[in-house]
Amino acid sequence: MATEFKLPELGENIESGKVTSVMVAVGDAIEKDQPVIEVETDKAALEVPSSVSGTVKEVRVKEGQDIAVGAVVLVVEEGAGGTAKEKPAKAEEKKAAPPAKEAGKKEEPAGKEAAPPQKAPVKSESPKNAAIARDEREPEEPEEPEEAEAPARRAGAAPVAASPSVRRLAREIGVDVNQVAGSGKGGRVTPEDVKAYARRMNVDAGGVAPPRLGRAGEEAPLPLPDFARWGEIERRDMSTVRRRTAERLAHAWATIPHVTQFDKADVTALEELRKRYAKQVEAAGGKLTVTAILAKVIAAALRKFPQFNSTLDFEHEQIIYKQYCHIGIAVDTDRGLLVPVLRDVDSKNLTQICVELTELAERARTKKTTLDEMQGGCFTISNLGGIGGTAFTPIVNEPEVAILGVSRSVLEPVFINGEFRPRTMLPLSLSYDHRVIDGADGARFLRWVCEAIENPFLVFLEG
Ligand code: CAO
């Protein structure tokens with residue numbers, strides 16, 4: 001029996017994406033839960049697993065194509081058997097998952113003109129953190145026994161009570177179920193709790209409909225001249241990440257009054273310590289880098305200067321102070337700039353931060369980051385020093401209020417006690433939202449960061 005596998009829901013408020021990779025071809029035998037395409041949305045790149053097993057009869061998508069949720073991806077001859085390319089889902093999770101719904105028979109065109117998503121999307125039960133349809137039947141299902149849960153990722157958080165289907169829903173839309181407050185009996189997490197959390201994450205990540213590209217500041221873009229009059233040109237579609245980056249940066253630039261404060265930290269002693277302890281951190285699976293050390297210093301600085309860990313809520317005329325410390329790290333990838341988030345930096349030691357940062361940057365570069373990992377940052381660090389440059393003015397990553405730019409450290413003559421000495425100096429630039437932070441506070445914050453880098457004991461003393 002031929003079944004259409006359609007693009008399932010990719011997450012709250014995500015209606016489409018761009019196909020960046022097609023992993024199967026006509027004639028391939030596929031298994032349920034096997035990733036078949038990779039789709040890039042404005043938040044993350046996701047491997048999309050099939051909800052059916054069988055032999056691929058038709059591939060209706062191609063790389064580079066925009067695809068809407070609900071569009072047909074594959075036509076699969078079900079039950080035709082064959083060897084799976086991927087390991088099947090864990091027995092336990094398979095048991096927890098109800099059978100997949102059969103997709104509709106009517107053919108829909110894929111790509112830009114694809115039909116809107118069906119009311120009851122195709123459902124899949126992959127255990128992976130990938131894009132999968134949400135189960136609309138969830139509320140009608142009989143309550144399932146609770147699963148033993150892995151330790152909560154957030155320090156100090158207790159594992160939550162949630163049924164396997166709720167856990168699956170959370171995984172499917174990239175939510176860490178342990179972060180969700182349960183409103184059910186005995187604090188149990190319900191499907192509605194997970195969806196509400198996902199909606200809040202979206203808003204947190206700037207999901208409140210940003211202005212269309214070129215319209216930040218309310219002005220329509222100027223009409224372009226015909227460049228072909230002066231020579232050959234080539235037009236290329238923007239990637240989803242590029243478009244989203246352009247929209248968000250234009251919005252931040254047009255709406256936040258930015259000020260950038262510059263300073264330099266003497267990292268001579270720190271560089272020696274970095275060399276001395278590099279092997280120890282390497283043995284733990286991380287790299288002792290300037291960025292990781294700065295993350296730890298910034299976590300202490302945010303505690304000392306809480307206005308830098310805030311968000312302006314203009315609508316309610318309030319400032320929201322966050323009691324947690326999640327730091328976004330700008331990562332240069334071949335798809336463009338991504339900012340995955342290191343969680344609870346204040347409660348982790350430097351080795352843990354180094355290991356997590358190494359893994360996080362690697363996942364961002366290999367398109368493995370989840371939606372959850374890209375959201376909820378309090379402050380961002382952008383280190384361009386590995387590439388070069390003496391200074392730059394980073395743009396605040398909304399809805400945060402400050403960002404630290406890091407340029408290349410260089411050996412400089414510094415006048416100390418009546419003579420010039422060679423010191424390694426690290427240029428830092430702090431951009432901040434002047435509506436929330438005064439210039440004097442900006443200067444104090446960055447000076448404190450420089451002093452803490454020069455004398456890390458300050459982190460224990462005051463951070
Ligand atoms: N000054 C001098 N050298 C530096 C440096 C600095 N500020 N920062 C890093 N380096 C060096 C490192 O020491 C390392 O050298 P070795 O290979 O000899 O050890 C090399 O540059 C590469 O560093 P790294 O990438 O391994 O480590 P990192 O943790 O410092 O950086 C990350 C990680 C993810 C921040 C970085 O790889 C990256 O992607 N940077 C670009 C961020 C970006 O695009 N920002 C712009 C956003 S728009 O505001």
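**View 1. Residue classes in the shell around the ligand of this predicted model.** The shell holds 7 nonpolar, 8 polar and 5 charged residues. Here Ala, Val, Leu, Ile, Met, Phe, Trp, Tyr, Cys and Pro count as nonpolar, Asp, Glu, Lys and Arg as charged, and the others, Gly among them, as polar. Lys-287, Thr-289, Thr-291, Arg-365 and Ser-382 come nearest of the 20 residues around the ligand (near: a heavy atom within 4 Å). Numbering starts from 1 along each chain as its sequence is written. Local features need pLDDT of at least 70, side-chain atom pairs count only at pLDDT 80 or more, totals for chains, interfaces and linings use all residues, and side-chain values use heavy atoms, without hydrogens and water.

**View 2. Polar contacts of the ligand.** A polar contact is a pair of N or O atoms within 3.5 Å. An N or O atom in the Ser-382 side chain sits 2.9 Å from a ligand nitrogen. For the Asn-383 side chain, the distance from an N or O atom to a ligand nitrogen is 2.9 Å. Arg-274 places a polar side-chain atom 3.4 Å from a ligand oxygen.

**View 3. Cover of the ligand.** Alone, the ligand has 960 Å² of accessible area (Shrake-Rupley, 1.4 Å probe). The protein covers 70% of this area. Strand 13 (331-333) and strand 16 (379-383) each give two or more residues to the shell (strands: DSSP runs of E, at least two residues, numbered from the N terminus).

**View 4. Confidence along the chain.** The average pLDDT (predictor's confidence in each residue, 0 to 100) is 80. Of the residues, 77% score at least 70. Residues 82-157 have pLDDT below 50, with 182 contacts (heavy atoms within 4.5 Å) beyond near neighbours in sequence. Where pLDDT is low, the predicted coordinates should not be read in detail.

Conventions:
A polar contact is a pair of N or O atoms within 3.5 Å; within protein, one must be able to donate a hydrogen and the other to accept it, and residues adjacent in sequence count only if both atoms are side-chain atoms. Helices (H or I, at least four residues) and strands (E, at least two) are DSSP runs, numbered from the N terminus.
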